[in-house]
Amino acid sequence: MKNYKNLNNLIGWIVFGIATITYLLTLEPTASWWDCGEYIATAYKLQVGHPPGAPLFQLLGRFFSMFAIGDASNTAMMVNVMSALSSSFTILFLFWSITMLAKKLFVHSADGEISVADGWAILGAGIVGSLAYTFSDSFWFSAVEGEVYAMSSFLTAVVFWAILRWEEVADKRSGFRWILLIAYIIGLSIGVHLLNLLAIPAIVYVYYFKKYKFTNKGFITAGIISIILLSIVMFIIIPWTVALSGKVEYFFVNGIGLPFNSGTIFFFAALIALIVFGLRYTRKNGKVILNTSILAFTFILIGYSSFAILVIRANANTPINENDPKDALSLLSYLNREQYGSWPLVYGQYYNAPAIDSKDGSPIYMKDKKKGKYVIKDDRKGTKPVYDPRFTGFFPRMWSNQKPSHISLYKKYGGDKGKPIKVDKGDGTSEIRYRPTFGENLTFFFTYQLDHLYFRYFLWNFVGRQNNIESQGEIQNGNWISGINFLDRMRLGDQTNLPPSMKNPAHTKFYFLPLLLGILGLAFHLKKSKKDSWVVFLLFFMTGIAIVIYLNQTPMQPRERDYAYAGSFYAFSIWIGLGVLALFDIFRKFMGNTKITAITVTALSVLLVPTIMASQGWESHDRSGKYAAPDFAKMYLASCAPNAILFTNGDNDTFPLWYVQEVEGFRTDVRVVNYMLSSGDWYVNQMGKKVYDSDKLPLSIPPEFYLKGDQNYLPVFARVEDRFDVRDAVDFVKNEDKRTKVPLQNGQWVNYMPVKKLKLIVDAEQAVKSGTVAPEDADKIVDEIDWDIKQSGMYRNDLMLLDLIATNNWQRPIYFANPNSSSKIFGVDKYLHLEGVAYRLRPTPAPSYRKGMGGVDADKTYAALMNENARWGRLNQDDVVVDRESDRNVMMTKQNYMRLAEALLTENKKDSAIRVLDKAQEFFPNEKFPFDYFMITWTDIYYRAGATDKGNELTQKIFDRYSEDLYYYDGLDQKFKNAYQNEIKMALTGLQGMGQITREYKQEDLANKIDSVFYEQIKNLNIR
């Protein structure tokens, strides 16, 4: 085929164009949920994000942000465009990788020529495989948002393509240039995500198969070398380059007395000198392999050097400066992700292992500029528990005791019989604990970690997906489906005739076609080239199952983790492409070995695989026109008074706020305090500095106090029974007198909290003067606010909060995104007033109070939720598809509207209450957010407000929903009905409640209709 090379290039770019258009059309135009807001904010101003960092992503994101052309609101879109282009380039290199692998199967002559029919079949394989990956669920998800996974996939695709290109020119003198390119890209990839490193074993085997004759010994040796190389990069080059730099720095500063950074400069100068010497020596002595190895090491370091930007920017004290990695010593802790803890891998504890002792961890150092030395910030004494060896074992999968839900799911998936072992409780008594057996441990590994956390995701991409709701194994949510009804019905019940409330944009059906074509391609590849099929399998395994083994994930992950395995799905897409060759091999036996046969097979494959995947997946991946995350963030900030302090908790009520403040400059006077991050001394220190228009937090405890390692955890003892003023309690804790400390078992003396009952004496005059309380409400101010500490110890964030409460004295408004976020340390929800979507602390009892939910300031909440600037991401528009995270956030927002309406009704403002519920339904219509049990209260509000018709209309919609749901449940087999018991009970309770409410308000016809269905379903479903 004379023009194969030109066609290969041309069609590759056409496929690239299709992918680019797809991703740009479905691109989210602003910041998404989860980490996207943080990544975009840190890229825009080159700040320091969460460990272990993504400096290359940030540098390139900064470059793309320049194309926002002066409009900061377009910054996020441009970073998203970077992800889209990274993804479409991934597809381009996937196409070329498939055609290279496919061509090797058809080349039968030394000149590398192929027939016209074979050439078109090869191109068809590239088209089908690359387009299948284009429209795969997990990859498409990452392609349209500003996260690192799209760029990581691109770099993985490039290194895999590069080793295949090297294979073509391996015998030429210039062939090693490709190895050096691979090394450089691997180094660069460290600055995006470590997933790229998992391609190293596949690269090693391509090299082995090309350079050496196959033997069993050689094959095993290549595998060992591949793991060694991977380990060298992951566990030596990445950490030890920084660790050795830190050790030399420490010696130069503390040992010799030289200035800070002198050791770091010397270390890297010495490293460069050694590299230069090694290159000269190996070149002079003709040691080609060693010379290339040194060059490869050098190029990895050059790529890895992007992390210098983190140290540089940390020293610039940027507003977002997570973990503050200012030097080599602190950078090592940052790279090792020490704040996230560790987990057992090869050998370790089970979840119920008692700790019988402890070991010291590695000390953490900090600069003491006054002394000109590094001093120990945290000696980490006794920080590593030593477990009872009877409760440890090989390959522990059931290891976490962090949450009761972890343990319950371990028992559900692995078993709970165990081996009985007598354990001393330490108080003279003993108990029997059942240590999981190795069989139960493996059962959990196969049924949960492999099946639920990997193969389920794999089948989402190549068979079909039930919905986008998180799952822990229940049949209602998150399963794979095929679209072949009798198969789906056997596993999950009827998935075809779902009621409207269960219909989901992520409900996709591929009918097993991508999977079957991939399996056919795998079989064909294995038959034609065992070596190449092994290479692709290694890429598939290392970026899939190997990650499962390494991460050893616990149950109850906060979100589905399918995006982490996109590399594995990339490898399988290669086999989908090669499946076209298998079909061509079959078809040409009776259609002839012609160009027409190849094109026919390709067209049929495109129609049955990528086309179905695109049509089924388009709706759930179309994020165009959606502005949910920044709009919700702006509503939080807009709810706050000027110069406020807003406490947030997790990713989704923090990162979007960072984005709108850092990028769009919205409400920079509000200080956003992430309560979880406040447990870090570096974060508390940053809260003591002015940022933009926000003054530093009013804290009495100096930053130096928080920097000490013994403040990681402060015991709480009720040594004083009377209620204690929080100011005095804070003064006691920060006192360095030994009499205010208690000894620990390791001999260390630490500060402690001597009381559990606290109070804040209220300065009423200051509360009015600052505007915290309106003058007309001055008579409602309480003398003191009382609360109890409900935990046995405090972390830095707890102490910081109490210090802030004690010191602020109502000077700055204090808000909480969630009234329960700090309830164990500061349980004062009856003084938390909902203003818009945030809860403000005031020294007056909150009106319309509900336990655990605070009260409602009706006037301010009405002004925030009902003004013309209230925005909720255009989620109510027909052209916007509601994603799962937006759906979850809407639940709380709807509750805020409902509570506002209740509060207005209490104040006899009936017309306003009606308008509030009307507006809420306008923002969150039934078609997008199916009305449910929790909206029955809305009907009651309508009736009480005199809007009977609107009450009836809303009741009818909820009634229709539950009627349809119950008829669906009634049609299921009994085993599936049992699985839906909670939903059935909620639907029946809803009908019963609506029947009572409508009868109470004399709506007899509607009440009779509801009761009729209620009793009918009670009978049909055999509910007693």
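These are my notebook entries on one chain, taken from a predicted model.

**Entry 1: the whole chain**

I started with the overall dimensions. The C-alpha atoms fill a box of roughly 95 × 85 × 70 Å along the principal axes. I then asked how the radius of gyration sits against the value for a compact globule. For 1024 residues the globule value would be near 31 Å, and the chain has 31 Å, so the two agree. I also looked up burial, and 57% of the 1024 residues count as buried. For secondary structure, I noted 38 helices and 24 strands.

**Entry 2: a nonpolar patch on the surface**

Next I went to the surface. I found a nonpolar patch of about 1,100 Å². Its members include Ile220, Ile224, Phe235, Trp240 and Leu244, along with Trp343 and Tyr550. Which helix gives the largest share of this patch? I noted helix H10, residues 216–256, which supplies 10 residues. I picked out Leu244, which has its place in H10. Leu244 has a relative accessibility of 38%, so I put it down as partly exposed.

**Entry 3: helix H18**

I chose H18, residues 513–528, for a check of helix length. H18 has 16 residues and spans 22 Å from its first C-alpha to its last, close to the 22 Å expected at 1.5 Å a residue. Which residues of H18 are buried? I wrote down Pro514, Leu515, Leu517, Gly518, Gly521, Phe524 and His525. A reminder to myself for reading such a list: an α-helix has 3.6 residues a turn, so residues three or four places apart point the same way.

**Entry 4: the S7–S8 hairpin**

Then I turned to a pair of strands. S7 (residues 419–424) and S8 (residues 430–435) run antiparallel and are joined by 6 bridges. Going along the pair, I found Ile421 opposite Arg433 and Val423 opposite Glu431. The two strands make a hairpin with 5 residues between them. In the turn I noticed Gly426, which has a positive phi of about 90°.

From Gly426 I took a distance to Ile781: the two are 355 residues apart in sequence and 49 Å apart in space, C-alpha to C-alpha. Ile781 belongs to the loop between helix H29 (764–769) and strand S19 (784–788). Is Ile781 buried or exposed? I have it as buried, because its relative accessibility is 13% and the cut-off for buried is under 20%.

**Entry 5: a six-stranded sheet**

I traced an open sheet of 6 strands, in the order S12-S11-S21-S23-S22-S24, with mixed pairing. The edges are held by S12 (671–674) and S24 (855–856); each has a single partner strand, so one side of each has no neighbour in the sheet. At the S12 edge, I saw that S11 (residues 645–648) pairs with S12 in the parallel sense over 4 bridges. Within that pairing, Leu646 stands opposite Val672. Another reminder: in a regular strand the side chains alternate between the two faces of the sheet.

**Entry 6: salt bridges**

My last stop was the charged pairs. The count comes to 46 salt bridges, and I followed a few of them.

- Arg588 pairs with Asp118, with the closest N and O atoms 3.0 Å apart. Arg588 lies in helix H21 (residues 566–591) and Asp118 in helix H5 (residues 116–134), so this pair ties together parts that are 470 residues apart in sequence. Asp118 counts as buried, at 7% relative accessibility.
- Arg796 pairs with Asp681, with the closest N and O atoms 3.9 Å apart. Arg796 is in helix H30 (residues 796–808) and Asp681 in helix H26 (residues 681–687), so the bridge ties together parts 115 residues apart in sequence. Both Arg796 and Asp681 are buried.
- Glu835 and Arg842 meet through their side chains at 2.4 Å, N to O. Glu835 is buried, with 2% relative accessible area, and Arg842 also counts as buried, at 9%.

I closed the page with a network: salt bridges that share partners join Glu470, Arg884, Glu885, Asp887 and Arg888.

Notes
Residues are numbered from 1 along each chain as its sequence is written. This is a predicted model: local features need pLDDT of at least 70, side-chain atom pairs count only at pLDDT 80 or more; totals for chains, interfaces and linings use all residues. Side-chain values use heavy atoms; hydrogens and water are left out. Patches are made of residues with over 30% relative accessible area and no salt bridge: like charges are joined within 9 Å, nonpolar side chains (Val, Leu, Ile, Met, Phe, Trp, Tyr) within 5 Å. Accessible areas come from the Shrake-Rupley method with a 1.4 Å probe; for residues, only the protein chains shown count as cover. A salt bridge is a side-chain nitrogen of Lys or Arg within 4 Å of a carboxyl oxygen of Asp or Glu. Buried means under 20% relative accessible area, exposed over 50%, partly exposed in between (1.4 Å probe, protein chains only). The expected span of a helix is 1.5 Å times one less than its number of residues. Two strands pair if DSSP finds at least two bridges between them. The radius of gyration is taken over C-alpha atoms; the globule rule is 2.2 Å times the number of residues to the power 0.38.
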